[in-house]
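Colleague: Got a minute to walk me through this model? I'd like to start with a helix and then talk salt bridges.

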Amino acid sequence: MNEERNKGRSSAAGFEGKLDQVLARHNLLSDRLAAAAPLSPKDLARFSKEYSELSGVVARIEEWKGARDEIADLAEMIADAAEDDEVRQMAEEEFAALKARIPELERAIKLTLLPKDEADQRNAILEVRAGTGGEEAALFAADLFRMYQRYADLHNWKFEIMEISGTDKGGFKEAVANITGADVFARLKFESGVHRVQRVPQTETQGRIHTSAATVAVLPEAEEVDVEINDKDLRIDVFRASGPGGQSVNTTDSAVRITHLPTGIVVSQQDEKSQHKNKAKAMKILRARLYDHMRQQLDAERAADRRSQVGTGDRSERIRTYNYPQGRVTDHRIGLTLHKLDRIIAGDGLDEVVEALTADDQASRLAALY
């Protein structure tokens with residue numbers, strides 16, 4: 001019992017200590033920005049941005065401190081024997097309401113203090129590939145790709161198709177898109193992994209349910225300053241573009257394949273008729289994959305001995321199942337099952353899954369910090 005009480009006191013002290021650090025930093029930035037000595041444009045921009053971000057946290061901290069002070073005042077009124085009964089009753093009601101609000105305020109503060117993933121504000125490269133299941137897997141990959149396209153439209157994001165390798169029956173062996181807009185990577189980053197579908201294929205005459213899969217990769221878009229790519233590390237091959245089934249669709253060598261020799265990452269691009277445009281698109285995808293590769297290496301180094309918050313992060317891991325006969329979608333990482341398959345595949349129901357994954361991630365990181 002004493003050990004639990006001491007642990008609770010230590011946690012509370014640690015939380016208040018962090019709040020004091022935030023307030024001190026906010027005051028320091030305020031003094032720096034108001035000082036007579038001019039700041040360099042770079043420092044001015046950096047300090048102004050940090051001050052603005054901390055101001056929201058400080059407002060929550062002040063609200064939390066005010067609520068605690070008011071609780072102390074109300075406790076004194078309740079304990080005062082000379083106090084009027086009606087006043088004491090009102091004080092008890094306010095005391096109970098504020099007492100219940102304190103945990104909500106603390107959680108809001110803790111969420112704002114969680115370490116930020118600097119990639120959350122970035123645009124993203126979406127890659128969807130057919131997995132096991134032949135033509136049915138390719139058709140499912142096309143369904144997923146269109147699901148994300150509709151989801152992007154609902155969020156007013158720009159969805160630029162960079163590459164589609166189709167099949168004769170309308171499926172996608174591989175499809176790549178560049179998605180730009182507000183908080184794209186933050187909302188889509190938990191979509192990476194193996195998506196499994198259980199349904200009766202259109203070509204199935206016996207009505208048997210088949211299981212197929214497609215892989216999804218969501219990569220934060222990288223800037224040139226994020227990843228240094230040396231020309232000597234690249235092998236660039238050009239060839240003629242081909243369509244579904246392998247037929248030639250181009251009489252010139254406009255398609256481009258870029259191999260990054262140190263990592264073995266290969267990117268091919270053939271959607272444009274211009275070799276120059278295909279090379280530019282391929283470099284954009286390569287830069288995103290290399291940036292993602294670097295992020296994964298850093299994450300592995302930082303958390304080599306702990307499980308990732310939403311699975312292992314290995315893209316070979318099955319993360320979600322879409323069961324058409326039962327109309328349900330199950331995300332295996334958090335045990336979430338929704339009987340809204342039609343809405344989720346249509347894009348407008350995907351937010352419920354995304355928000356549940358985000359909340360679970362936040363809860364796991366809060367538990368690790370406090």
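Modeller: Sure. H3 bends by about 25° at Arg101, and a proline, Pro103, comes within the four residues that follow. The bend is the angle between axes fitted to the seven residues ending at a residue and the seven starting there. Helices here are DSSP runs (H or I, at least four residues), strands likewise (E, at least two), numbered from the N terminus. This is a predicted model, where local features need pLDDT of at least 70, side-chain atom pairs count only at pLDDT 80 or more, and totals for chains, interfaces and linings use all residues. Residues are numbered from 1 along each chain as its sequence is written, and side-chain values use heavy atoms, leaving out hydrogens and water.

Colleague: Which residues of H3 are buried?

Modeller: Arg88, Ala91, Leu98, Ile102, Leu105, Ile109 and Lys110. Buried means under 20% relative accessible area, exposed over 50%, partly exposed in between (1.4 Å probe, protein chains only).

Colleague: OK, new topic. How many salt bridges does the structure hold?

Modeller: There are 23, counting a side-chain nitrogen of Lys or Arg within 4 Å of a carboxyl oxygen of Asp or Glu. One pairs Asp351 with Arg187, with the closest N and O atoms 2.6 Å apart. Asp351 is in helix H8 and Arg187 in helix H5, so this pair ties together parts 164 residues apart in sequence.

Colleague: Is Asp351 buried or partly exposed?

Modeller: Partly exposed, at 22% relative accessibility. Arg187 is partly exposed too, with a relative accessible area of 22%.

Colleague: And which residues are linked in a network of salt bridges?

Modeller: Glu127, Arg129, Glu174 and Arg289. Within that group, Glu174 bridges to Arg129 with the closest N and O atoms 3.0 Å apart.
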